[in-house]
Amino acid sequence: MKNSAKKYLIFPILFLTICFSANSCKNNPTEQAKKELQVKPSEGFCTTHEFPNATWTFDKKNLPNGDIELNKSLTMKGAFPNPDDYYDLTLIVDYYESVPIKRLPLDFTTITPDGKSRQSRSVEVVFNTDSAKVIEEVNAKKLKRFAQVIYPQKNYPEKGEFTFELYSKYTKISLDGIKAISIKAVKNNPE
């Protein structure tokens, strides 16, 4: 009789364990942050570039006169599912709070699939503001997220893959503390 009572006790404990685990995942900032980057293919796209060792390192080229030229551009691609829809295009930067600067000026350029049309605007990533969301904390090291809608409710009528270029105006060879940069497009048709 005692063995059968133990069997019946296992099921409620197992059920409570599963429920607790599911709720803890819902409240896990890392899982929530990953979900924020997911977009249904019919609704838009999200493209992400992760930096090794959380450092955006710029390519160097030695010039004949001995100077060094830095390539401070980052290129990403994405295709809008329907050329008739309107999309919110958002820049997302995941960074550690130890990033050594307060602001990062960027030029954000959108290039049509045929390469014939370009649209640029300046964007400023602001680090460690009160509104910055903590998405992960490991060993007292906080990973935060900056997100800014660059183009709200914009139409991209050309079919094909668009190119997005980010040009950093940071003056040094590398920028520590940048884990990833994402470009996210989500359908947002005007009513």
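Let's start in the middle of things: I92 stands opposite S182, a residue of strand 13. Keep in mind that this is a predicted model. The strand pair to look at here is strand 6 (residues 86-96) with strand 13 (residues 178-187), which run antiparallel and are joined over nine bridges.

Now zoom out to the sheet around that pair. Five strands make up an open sheet in the order 1-13-6-10-9, and the pairing is antiparallel. At its edges sit strand 1 (44-50) and strand 9 (133-138), each of them pairing on one side only. Going from one strand to the next, the twist averages 15°.

Strand 10 of this sheet deserves a stop. P152 has its place in strand 10, which covers residues 141-155. Is P152 buried or exposed? It counts as exposed, because its relative accessibility is 58% and the cut-off for exposed is over 50%. Leaving aside neighbours within four places in sequence, P152 is in contact with Y87 and D88. For another landmark, check N188: its C-alpha atom is separated from that of P152 by 8.1 Å, with the two residues 36 apart along the chain.

On to the other sheet. Four strands form it, in the order 5-11-7-8, again as an open sheet with antiparallel pairing. The edge strands here are strand 5 (73-79) and strand 8 (118-126), and each pairs on one side only. Neighbouring strands in this sheet are turned by 25° against each other on average, ignoring direction. Pick out strand 7 (residues 103-111) and strand 11 (residues 161-168): they run antiparallel, with six bridges joining them. One spot to find by eye is L106, whose bridge partner in strand 11 is S168.

With the strands in place, turn to the charged side chains. The count of salt bridges comes to nine. One of them joins E97 to K144, with the closest N and O atoms 3.8 Å apart. E97 lies in the loop between strand 6 and strand 7, while K144 is in strand 10, so this pair ties together parts that are 47 residues apart in sequence. How do the two partners differ in exposure? E97 counts as partly exposed because its relative accessibility is 32%, whereas K144 is buried, with a relative accessible area of 11%.

Another salt bridge links R103 and E124, whose closest N and O atoms are 3.1 Å apart. Since R103 belongs to strand 7 and E124 to strand 8, the pair ties together parts 21 residues apart in sequence. R103 is partly exposed at 48% relative accessibility, and E124 is partly exposed at 37%.

Strand 7 also takes part through D107, whose side chain meets that of K169 in a salt bridge (3.1 Å, N to O). K169 lies in the loop between strand 11 and strand 12 (174-176) and D107 in strand 7, so parts that are 62 residues apart in sequence are tied together. Their relative accessible areas put both in the partly exposed class: K169 has 36%, and D107 has 23%.

One last thing to trace is a group of charged residues. E36, D94, K133 and R145 are linked in a network of salt bridges.

Technical notes
Residues are numbered from 1 along each chain as its sequence is written. This is a predicted model: local features need pLDDT of at least 70, side-chain atom pairs count only at pLDDT 80 or more; totals for chains, interfaces and linings use all residues. Side-chain values use heavy atoms; hydrogens and water are left out. Helices (H or I, at least four residues) and strands (E, at least two) are DSSP runs, numbered from the N terminus. Buried means under 20% relative accessible area, exposed over 50%, partly exposed in between (1.4 Å probe, protein chains only). Contact means heavy atoms within 4.5 Å. Two strands pair if DSSP finds at least two bridges between them. Axes are lines fitted to C-alpha atoms, for helices over the stretch in contact, and angles run from 0 to 180 degrees between N-to-C directions. A salt bridge is a side-chain nitrogen of Lys or Arg within 4 Å of a carboxyl oxygen of Asp or Glu.
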